[in-house]
Amino acid sequence: MAGRKTADGKIADRRTSEHFNRGSVRKADILAWLKERGDYVSGQEICEHFGVSRTAVWKAIGQLRAQGCRIDAVPNRGYLLLDTLEAYGADGLKSLIHTKWAGQRLCYFDTLGSTNIQAKVEAENGAFHGTLVVADMQTAGRGRRGRGWVSPAKTNLYFTIMLRPDFAPEKASMLTLVMAHATARAIRAQTGLDCGIKWPNDIVVNGKKICGILTEMSVERGYIHYVVIGVGVNVREQEFPSEIADKAACLDAECGAKVSRSALLADIMSAFEEDYESFLAVGNLSRLKESYDRMLVNRDRQVCVLDPKGEFRGTARGITDTGELLVEKEDGESVQVYAGEVSVRGIYGYI
Ligand code: BTN
């Protein structure tokens, strides 16, 4: 279908969402079924199973292939799903996201300025809690502290989940830690890598950053209108800009195998839904703290706290129930460091 306008007023290359697919066979369902069957399935069987015409099946298979799914077709045998590793698109993602609400409404774009900006547009247009905006490429990716986020095509994960929480705005900063925890869990599960979290929300492998998170919110008269949590994960090997080349890494190189972007994103959605519900049940991070601290790479290391009110050094000990970093100063005093204006560095480098 023709694209709709995005945040910058341009027409997106391609946009797909549940909403616009009504009435036709969901390619995501065909994909999931082919995967489940794990063998050749005849076109006729697919038609009967989904109650659609031969042409509809043929068209759906063609579109899935265009999204990168490798589907073999043999006369008199039918279709076999070979793999979906390189596939990255709305249907592949939908076939893998098995959550109750996180990512159940998906807005996928080949190209966007920024998924965070688009998620805000979706929110302003009344999108549901849990709406997920994904782009294969961003032309104006945003990082923290006004920096950019280089976002080439066919390489990484760039996505934003939009939430409509019913709690005080002061609690929203904890959501970044919830997302960091969930993303780190999913990366560990998908790759077997021993990744960690650099407080509050960078994810690192072997001392290098592989993921950044940018949370933004809209507050109205003291209550949260919506929150958007944007995540960028470096997946494929790539040339990083010179200013970050010595501290950035990607998953493929670190684990020595190709990681499926779709499977990783689907796992992040499941982990986030679970962690968000743990957070919501008590209104703080107490249920996630132990596991977060186990992944905290700064733990028991000397850190330099870059506070605009004055820099100081100490040893990081873990997080509080509300997400501050506990730092034991050289004189023995224990300080709670709030994220926001403050950043924390290792005394000899990034960690
Ligand atoms: C950081 O500076 O560490 C945060 C980077 C966050 C980048 C992601 S990519 C998807 C989402 N859209 C954006 O424009 N930024 C975030």
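R294 is exposed in this predicted model, with a relative accessible area of 60%. Its partner is E290: the two form a salt bridge whose closest N and O atoms are 3.6 Å apart. Both residues sit in helix α9 (residues 289-295), four residues apart, which is about one turn of the helix. E290 counts as exposed as well, because its relative accessibility of 60% is over the 50% cut-off for that class.

**Salt bridges**

The pair in α9 belongs to a wider set, as the structure holds 17 salt bridges. Side chains of opposite charge can pair when their charged atoms come close. Here are three of the pairs, side by side.

| Salt bridge | Closest N to O |
|---|---|
| E274 and R185 | 3.4 Å |
| E290 and R294 | 3.6 Å |
| E333 and K329 | 3.6 Å |

What does the pair E274 and R185 link? It joins distant parts of the chain: E274 belongs to helix α8 (residues 261-282) and R185 to helix α6, with their positions 89 residues apart in numbering. R185 is partly exposed, at a relative accessible area of 27%.

The pair E333 and K329 can be described in a similar way. E333 counts as partly exposed, with 42% relative accessibility, and K329 is also partly exposed, at 24%. Both values fall in the class between the 20% and 50% cut-offs.

If you are looking for charges that are tied together in a group, turn to K120, R142 and E216, which are linked in a network of salt bridges.

**Domains**

Now for the layout of the chain. The domain assignment gives domain 1 (19-83), domain 2 (96-295) and domain 3 (302-346). How far apart are the C-alpha centres of domain 1 and domain 3? They are separated by 54 Å.

One residue to look up in strand β3 (residues 78-83) is L81. L81 is buried, since its relative accessible area is 14% and the cut-off for buried is under 20%. As a distance to try in your viewer, the C-alpha atoms of L81 and F240 are 34 Å apart, and these two residues are 159 residues apart along the chain.

**The largest pocket**

Rolling a probe the size of a water molecule over the atoms shows where empty space is left. The largest pocket contains about 820 Å³ of space. Its lining is made up of 43 residues, and G143, R147, G148, W149 and K209 are the closest to its centre.

Where does this pocket lie? Domain 2 (96-295) and domain 3 (302-346) both give residues to the lining of the largest pocket, so the pocket lies between them.

Several helices and strands take part in the lining. At least two residues come from each of α5 (115-124), β6 (157-163), β9 (208-220), β10 (223-233) and β15 (343-346). Strand β9 gives the most, with four residues. By residue type, the lining of the largest pocket divides into 17 nonpolar, 15 polar and eleven charged residues.

**The second largest pocket**

The second largest pocket has a volume of about 340 Å³. Of the 15 residues that line it, R144, T176, N201, T215 and G340 lie nearest its centre. Helix α6 (173-191) and strand β9 each supply at least two residues of this lining.

Which element gives the most to the lining of the second largest pocket? That is β9, with four residues. In the lining of the second largest pocket there are six nonpolar, five polar and four charged residues. Domain 2 (96-295) and domain 3 (302-346) each contribute at least three residues to this lining.

**The nonpolar core**

The largest nonpolar core has 68 residues, and F159, I161 and F272 have the most contacts inside it. Helix α6 gives the most to this core, with ten residues. The core draws at least three residues from each of domain 2 (96-295) and domain 3 (302-346).

Helix α6 is a handy element to follow as you turn the model. It gives the most residues to the largest nonpolar core, it supplies at least two residues of the lining of the second largest pocket, and it holds R185, the salt-bridge partner of E274. Strand β9 is another one to follow, as it gives the most to the lining of the largest pocket and also the most to the lining of the second largest pocket.

Notes
Residues numbered from 1 in each chain as written. Predicted model: local features only at pLDDT ≥ 70, side-chain atom pairs only at ≥ 80, totals over all residues. Heavy atoms only, no water. Domains from an automatic or database assignment. 1 Å grid on protein atoms, 1.4 Å probe; cavity = no way out; pocket = protein on both sides within 12 Å on 5 of 7 lines; lining within 4 Å. Points joined across faces, edges and corners; volume = space filled by probe spheres on them. Nonpolar A, V, L, I, M, F, W, Y, C, P; charged D, E, K, R; others polar. Salt bridge = Lys/Arg side-chain N within 4 Å of Asp/Glu carboxyl O. Buried < 20%, exposed > 50% of the residue type's maximum accessible area, 1.4 Å probe, protein only. Core = buried A, V, L, I, M, F, W, Y, C linked by side-chain atoms within 4.5 Å.
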